[in-house]
Amino acid sequence: MKQNRVSIYFILFIIITLTVMFVVGLYSSYKYISTKKEMIDDVKYKSSITLSKLNNNIKDFILSYSAYEYNNLIFNEMNNQNVIAIIVNDYKMAEITGDKNFFSGKIRDERGLIIDYNGDSKVHRELISNSSYSSELYIFDDVGNQIGKIIMYNSNKEIKKKLSEIIEDNIKNVIFLSIFMTIFLFIAIRYFLLKYIFNIVKELENRNEDGIPLKFLSTDGPKEISNLSKTINEMIESIKASNTQLNELKERLLLAWDGVNDGIWDWNIKKDEAYFSKNWKNIIGYEEDELENSPKSFFEHIHEDDRELIKNHLEKHFQNPEKNPYSLEVRLRCKDGSYKWVLTRGKASLDENHNPTRMVGSHTDITARKEFERVLEEQKEQFETIFNYSKDGLAILDLQSNFLEFNDSYLNMTGFTREELLTKSCIGLSMPEDIESAKKVMNEVLENGSLVNFEKACVVKDEKIIITNMSLALLPDKKRIIISAKDVTDRKLIESQSKLASMGEMIGNIAHQWRQPLSAISTIASGIKVRSEFGAITTQDEILSDMDTIIEQTQYLSKTIDDFRNFIREGERKSDIFISTVIDKTFSILNSTIVNNNINVIINKNDDIKIDGYENELIQAFINIINNAKDALKEVENDDDKLLFIDTKVIKDEFIISIKDSAGGINEDILDKIFEPYFTTKHKSVGTGIGLSMVYQIITDHHNAKIKAFNESYKYNGKVYKGARFDIVFKID
């Protein structure tokens with residue numbers, strides 16, 4: 001509750017005023033008492049003098065029984081207004097009258113008149129009883145006998161008057177000094193002390209939204225104020241640091257809550273109340289104000305199959321929260337009626353009787369994870385099905401190439417039993433000459449993650465040797481390798497046979513290309529011999545000219561040999577090659593075949609590209625395609641219609657090599673089968689069906705390119721032709 005606060009100015013005013021009044025009052029009291037004492041001492045002193053003087057004079061009058069005389073003497077002493085009465089107890093006169101005492105003297109009545117004292121008067125007795133001070137003196141005769149006593153009664157009127165004046169002056173002084181000192185002290189304190197305090201208050205009031213002063217306090221002023229400012233500055237710095245940490249913690253908490261999208265819940269079990277965060281409600285599709293903050297909001301949305309599970313877990317958790325943590329996966333009904341999987345976690349606090357009082361926890365939406373687990377399980381089943389029933393041999397190795405698992409196809413390919421193969425390694429099955437390359441392949445897989453189309457010879461059951469084509473990949477756990485292997489022994493045999501057939505065809509090409517140069521050399525040599533026999537050689541120049549012709553022909557023969565030797569020579573390493581160079585070398589090899597079959601070749605090398613590839617393999621692929629075109633063009637009757645087109649061009653990010661002929665095209669029924677192994681339309685004595693299959697493998701597997709075949713109608717020199725077209729497409733990086 002807000003309270004009315006008293007101003008420090010008012011407090012200072014009261015304190016200063018009371019302090020001044022107390023000090024001045026204390027001083028006035030001291031002055032009053034000391035003045036009163038001085039006045040009383042003065043009265044006593046004067047009384048003693050008067051009595052002493054009267055004593056000397058009255059003694060003789062008493063001895064002479066002259067009461068009248070000493071009364072006159074007393075009257076003269078009554079001029080002092082402070083004296084109320086002077087009374088003489090005359091023992092001598094008492095002896096004469098026979099009374100015990102004989103009082104005689106003067107007294108001042110109520111009007112201030114001096115009259116004779118009457119001891120029997122009640123008024124006189126009251127007057128002397130009101131005196132403020134009395135003193136007495138015994139009178140002795142010359143021999144020391146008491147002959148009487150003088151009693152003087154003094155009034156306090158003069159003292160009272162004087163004291164009243166003192167009090168009046170003190171009151172005036174108190175008022176004046178109080179006002180003066182209050183103003184003076186207030187101004188002094190305000191200027192020399194409160195100024196710094198108010199500056200501190202003013203600077204402290206200039207705060208940010210977190211209530212922290214915007215700047216540090218000035219350390220000017222007295223030592224104590226400076227120390228106070230330094231202490232407050234240290235506190236401000238500490239508060240700022242703490243506030244920064246709190247803000248960071250708050251930001252982390254908010255980021256954690258919002259970032260992980262967890263729903264927070266707080267269940268007050270004793271009061272049967274609950275709190276659910278915004279994210280908790282959003283998980284099941286509700287806005288913050290659409291769902292009541294009560295325990296039933298949770299329990300009503302639990303899937304009926306999970307309610308008993310939650311009940312049992314809660315009972316166990318309440319018995320011992322530390323030993324039985326509460327964490328389980330359940331389904332909650334969403335606003336749209338669907339269900340979501342959540343991971344619910346929490347911890348309860350118990351009272352002294354071990355009864356649960358409160359429980360706080362969180363919900364994490366794990367629907368996506370559950371769906372992923374379901375899909376993963378399906379994929380696992382699919383993988384196991386593929387693994388177990390694939391026609392290709394599949395095996396899983398450790399990083400040292402030891403067999404861990406394999407399918408029946410791999411087992412059948414090796415001929416080993418399961419127990420035998422589990423004791424072996426993939427590298428250990430390699431032929432001795434392939435072991436080093438197999439180790440390099442394993443290192444490359446570990447470094448790059450995969451490798452495709454690796455061929456090696458393996459020694460399997462009963463020392464049988466098979467040729468395998470393998471693709472290897474490192475599994476996600478980085479601890480295992482999966483390999484896919486095919487037995488390509490038969491295909492390699494057919495490829496060898498095909499290569500031998502190609503070699504025979506190459507030799508035929510060499511023979512065709514050598515026939516004309518050899519014939520020219522033979523003719524020149526024969527002519528020189530005949531002219532020499534008949535003496536027809538007249539000049540040396542005639543012989544030199546014929547020798548130059550022979551040299552040109554032999555150089556042509558040598559170049560032909562180099563071209564064929566470079567093609568036949570095996571090349572295992574990739575290199576940077578230009579496609580235009582591959583085309584030129586292909587037609588250098590096939591030149592005689594093209595010429596002998598009267599085929600018109602039209603080459604349009606519009607664009608060129610450099611690739612990382614196997615030159616001899618590409619030459620072999622182009623030769624196979626062109627040979628198929630040559631065989632088809634042989635059936636064309638008119639030599640002018642035997643056309644072969646080679647075009648290169650770049651379209652967007654692709655480099656395309658087109659090879660097309662005018663032989664009428666490929667039968668549409670078999671067009672989609674021409675790249676299949678062993679498929680051929682030729683007689684067995686002419687072809688094996690391995691040519692275009694090898695082309696497909698060279699283009700797609702070894703050079704990461706594409707090849708497609710289709711029939712195309714086109715116009716050339718005003719005439720329409722139809723033929724087969726092969727497009728080889730390289731991707732431009």
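Visitor: What distance does helix α17 (residues 615-633) reach from its first C-alpha to its last?
Guide: Helices here are DSSP runs (H or I, at least four residues), as are strands (E, at least two), numbered from the N terminus. The expected span is 1.5 Å times one less than the number of residues. α17 has 19 residues and comes close to its expected value, reaching 27 Å.

Visitor: What kind of model is this?
Guide: Residues are numbered from 1 along each chain as its sequence is written, and side-chain values use heavy atoms, without hydrogens or water. Local features need pLDDT of at least 70, side-chain atom pairs count only at pLDDT 80 or more, totals for chains, interfaces and linings use all residues, and the model is predicted.

Visitor: How many residues of α17 are buried?
Guide: Buried means under 20% relative accessible area, exposed over 50%, partly exposed in between (1.4 Å probe, protein chains only). α17 is mostly covered. The buried count, out of 19 residues, is 14.

Visitor: Is Glu463 buried or exposed?
Guide: Glu463 lies in the loop between β13 (450-459) and β14 (465-474). Its phi is positive, about 60 degrees, although it is not a glycine. Its relative accessibility is 64%, so Glu463 counts as exposed.

Visitor: Which loop residue between β21 (706-716) and β22 (719-731) has a positive phi?
Guide: Its phi is near 50 degrees, and it is a residue other than glycine. Its relative accessible area is 69%, which means it is exposed. The residue in that loop is Asn717.

Visitor: How are the rings of Phe403 and Tyr410 arranged?
Guide: Rings of Phe, Tyr and Trp (its six-membered ring) pair if their centres lie within 6.5 Å; planes under 30 degrees apart are stacked, over 60 edge-to-face, the rest tilted. The structure has 12 aromatic pairs. Phe403 and Tyr410 are both buried. Their centres are 5.5 Å apart with 55 degrees between planes, which makes the pair tilted.

Visitor: Which lysine lies over the face of Trp341?
Guide: A charge sits over a ring if NZ of Lys or CZ of Arg is within 6 Å of the ring centre and within 35 degrees of the ring normal. Lys660 does this over Tyr714, 4.1 Å from the centre. At Trp341 the distance is 4.5 Å, and the residue is Lys370.

Visitor: Which residues join Lys370 in a salt-bridge network?
Guide: A salt bridge is a side-chain nitrogen of Lys or Arg within 4 Å of a carboxyl oxygen of Asp or Glu. The structure holds 29 of them. In one, Asp266 meets Arg358, with the closest N and O atoms 2.4 Å apart. Shared partners join Lys370 to Glu329, Arg369 and Glu373.

Visitor: How many residues apart are Glu136 and Lys149?
Guide: Glu136 and Lys149 form a salt bridge, with the closest N and O atoms 3.6 Å apart. Glu136 is in strand β4 (residues 133-140) and Lys149 in strand β5 (residues 146-154); their separation in residues is 13.

Visitor: Which partner of the Arg111 salt bridge is buried?
Guide: The closest N and O atoms of Arg111 and Asp109 are 3.1 Å apart. Arg111 has a relative accessible area of 66%, so it is exposed. At 11% relative accessibility, the buried partner is Asp109.
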